[in-house]
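This report covers the pockets, the cavities and the contact between two chains. The sequence and structure come next.

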Amino acid sequence: MIEVNNIHKSFGDAHVLKGISTIFEKGKTNLIIGSSGSGKTVFIKCLLGLLIPEQGTISFDGRIYSELEPSERRNLRQEMGMVFQGSALFDSMTVEGNVMFPLDMFTKQPKSEMLDRVNFVLNRVNLSDANDKYPAEISGGMQKRVAIARAIVMNPKYLFCDEPNSGLDPKTAIIIDNLIQEITQEYDITTVINSHDMNSVMEIGEKIIFLKDGLKEWEGSNKEIFKTDNAAVTNFVYSSELFKKVRQMYIEERN
Amino acid sequence: MNYVSSIGSYTIMVREVFKKPTKWPIMKSLILKEIDELIYGSMGIIIFISFFIGGVVAIQTALNISNPLIPRNLIGFATRQSVILEFAPTFTSIIMAGKVGSYITSSIGTMRVTEQIDALEVMGVNSLNYLVFPKIIAMFLYPFAIAIAMYVGIFGGWIAGVFGGFSSSADFIEGLQLDFIPFHVTYSFIKSVVFAFVIATVPSYHGYYMKGGALEVGKASTTAFVWTSVVIIILNYILTQLLLG
């Protein structure tokens, strides 16, 4: 579980996060949504420790990040997995090398055990025959799977995903969303996903936080988002005609 | 004020490079890879440039000796002094600032743009140690490259002097041995070690702290070349004053 308490972050005069508090629960896919410039990326970077908030605390199962010693922070970092928007795979390494990298860096396992673990996670993300390929030789969807495999290879307690299905076709995007949700439930991970994608919101948004101008505007689940009367949320989520009709049908069905 | 801030961030970066080292087996392979890329991969251009620079120095010296009272062994003497004191360590370093420096800036800058550096940091890896330290260690072999540059430069001078009909081989070799001060070679190696550190770290700084996209990677490479050259030229003056002045 990750508890965020009143965090503020500014860049010069720009006050980007203006006191966000929330709880990301274990075993659930927690989504952060909001329009561009709402502070989503800064928020997730604060959660990852890549940016340090000026005020407020972030607690990982009771461990307050800002109060940890550097060695404790490093240990905590090893409990985190991250799937970046552009996958962020190391160009100079093969798929196998990319997934093995954290094991190679932080464990003393024999090579054969590491290879077994790599093959296991690659199978888990349905990517069993790409070990020797380089990132440039595989598709965007496959790169995302490799990024997920690399993020889970160390058995993380916390999984962060920044726009995991951006640039993917709708079918592949749903496959990636479902894969993240399955992994979250299977390994009981606290997963936080930064997303723009309304399909993701509807499919896997067990908990959703809507950010607007650096503030938490709304919080709820994918079921509650249909019922909300919050104008900012409905304007953002139901901006397309299709979603407006879906919402209308849902309300009529419920009545 | 901006320059002062940049010098401050550069100093902090250099300090971070030596903190929290990467596991030795991984670091060893990174160092070997960088030796291959930065030193071995640059030998061709170093040899090519040194040979022709040595040749040009010999020809220029010969063409400027119009007085018959000046001995012909001056050609060998001038070639040796020019190549050992300046052309091998300084001129080669400026070329390396372009070749190796732009490679370092663009490779680290691309990793920054594509979030690979963020990925390293999130994993708990000291990205500066992982990316920059192997380059610094690899560049400690740079004085060996400079030694080869000295040899090839003088050889180029001998070829141009003798086969161009400007000097006899005996005169040239006599000039090479005339008033030889071994400390000049030491001075040259001290300079090349300092320049090696500059070539490894200044372009790394420009790549690591760059912001933006592909266009900015190109701009950062150009800026890195300019600043690496400026720092080399200033340090060349300071070291010459300190060691020979």
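The lining of the second largest pocket divides into 12 nonpolar, six polar and six charged residues. The model behind this count, and behind everything below, is predicted. About 650 Å³ of space lies in this second largest pocket. Its lining consists of 24 residues, and those nearest the centre are A:Ser92, A:Met93, B:Leu30, B:Lys33 and B:Tyr130. Two or more lining residues each come from H3 of chain A and from helix H2 (24-39), H4 and helix H6 (127-139) of chain B.

The largest pocket has a volume of about 1,100 Å³. It is lined by 32 residues, with A:Gly49, A:Leu50, A:Arg77, B:Glu121 and B:Tyr208 closest to its centre. In this lining, at least two residues each are supplied by H1 and H2 of chain A and by helix H1 (2-17), H4 and H5 of chain B. H2(A) gives the most, with four residues. The classes in the lining of the largest pocket are 15 nonpolar, four polar and 13 charged residues.

Enclosed spaces are counted separately, and the model has two cavities of 30 Å³ or more. The largest cavity has a volume of about 150 Å³. Of the 14 residues that line it, A:Met80, A:Gly81, A:Pro102, A:Arg150 and B:Met123 lie nearest its centre. The elements that each supply at least two residues of this lining are strand S6 (80-83), H3 and helix H5 (140-152) of chain A, together with helix H5 (116-123) of chain B. By class, the lining of the largest cavity holds 10 nonpolar, two polar and two charged residues.

The second largest cavity has a volume of about 30 Å³. B:Ser50, B:Ile53, B:Gly54, B:Val83, B:Phe87, B:Ala88, B:Thr92, B:Ala149 and B:Gly153 form its lining. Helix H3 (43-63), helix H4 (74-113) and helix H7 (142-163) of chain B are the elements that give two or more residues to that lining. H4(B) contributes the most, four residues. The lining of the second largest cavity has five nonpolar, four polar and no charged residues.

The volumes and lining classes of these spaces are set out below.

| Space | Volume | Nonpolar residues | Polar residues | Charged residues |
|---|---|---|---|---|
| Largest pocket | about 1,100 Å³ | 15 | four | 13 |
| Second largest pocket | about 650 Å³ | 12 | six | six |
| Largest cavity | about 150 Å³ | 10 | two | two |
| Second largest cavity | about 30 Å³ | five | four | no charged residues |

The next topic is the contact between the chains. There, 23 residues of chain A are in contact with 17 residues of chain B. The area buried between chain A and chain B is about 1,700 Å², and carbon and sulfur atoms give 66% of it. Four residue pairs are in polar contact across the interface, with both residues of each pair at pLDDT 80 or more. On the side of chain A that touches chain B, helix H1 (40-48), helix H2 (70-77) and helix H3 (95-106) of chain A each supply at least two residues. H3(A) accounts for the largest share of that side, five residues. By class, the side of chain A that touches chain B has 12 nonpolar, four polar and seven charged residues.

The count over all chains is 14 salt bridges, and the count between chain A and chain B is one. Which residues form the salt bridge between A:Lys45's chain and chain B, and how far apart are the closest N and O atoms? A:Lys45 pairs with B:Asp118, with the closest N and O atoms 3.9 Å apart. Why does this pair count as a salt bridge? It counts because a nitrogen of Lys lies within 4 Å of a carboxyl oxygen of Asp, the N to O distance between A:Lys45 and B:Asp118 being 3.9 Å. The pair crosses between chains, with B:Asp118 in helix H5 of chain B and A:Lys45 in helix H1 of chain A.

Last comes the overall form of chain B. Its secondary structure comes to 10 helices and zero strands. Along the sequence, chain B reads α-α-α-α-α-α-α-α-α-α. Taken along the principal axes, the C-alpha atoms of chain B fill a box of roughly 70 × 40 × 35 Å.

How values were computed
Residues are numbered from 1 along each chain as its sequence is written. Chains are lettered from A and ligands numbered from 1 in the order in which they are written. This is a predicted model: local features need pLDDT of at least 70, side-chain atom pairs count only at pLDDT 80 or more; totals for chains, interfaces and linings use all residues. Side-chain values use heavy atoms; hydrogens and water are left out. Contact means heavy atoms within 4.5 Å. Buried area is the accessible area (1.4 Å probe) that two parts lose on being put together, summed over both. A salt bridge is a side-chain nitrogen of Lys or Arg within 4 Å of a carboxyl oxygen of Asp or Glu. A polar contact is a pair of N or O atoms within 3.5 Å; within protein, one must be able to donate a hydrogen and the other to accept it, and residues adjacent in sequence count only if both atoms are side-chain atoms. Ala, Val, Leu, Ile, Met, Phe, Trp, Tyr, Cys and Pro count as nonpolar, Asp, Glu, Lys and Arg as charged, and the others, Gly among them, as polar. On a 1 Å grid over the protein atoms alone, a cavity is a set of points where a 1.4 Å probe fits but cannot get out, and a pocket is an open set with protein on both sides within 12 Å along at least five of seven lines; lining residues have an atom within 4 Å of a point. Grid points are joined across faces, edges and corners, and a volume is the space filled by probe spheres set on the points.
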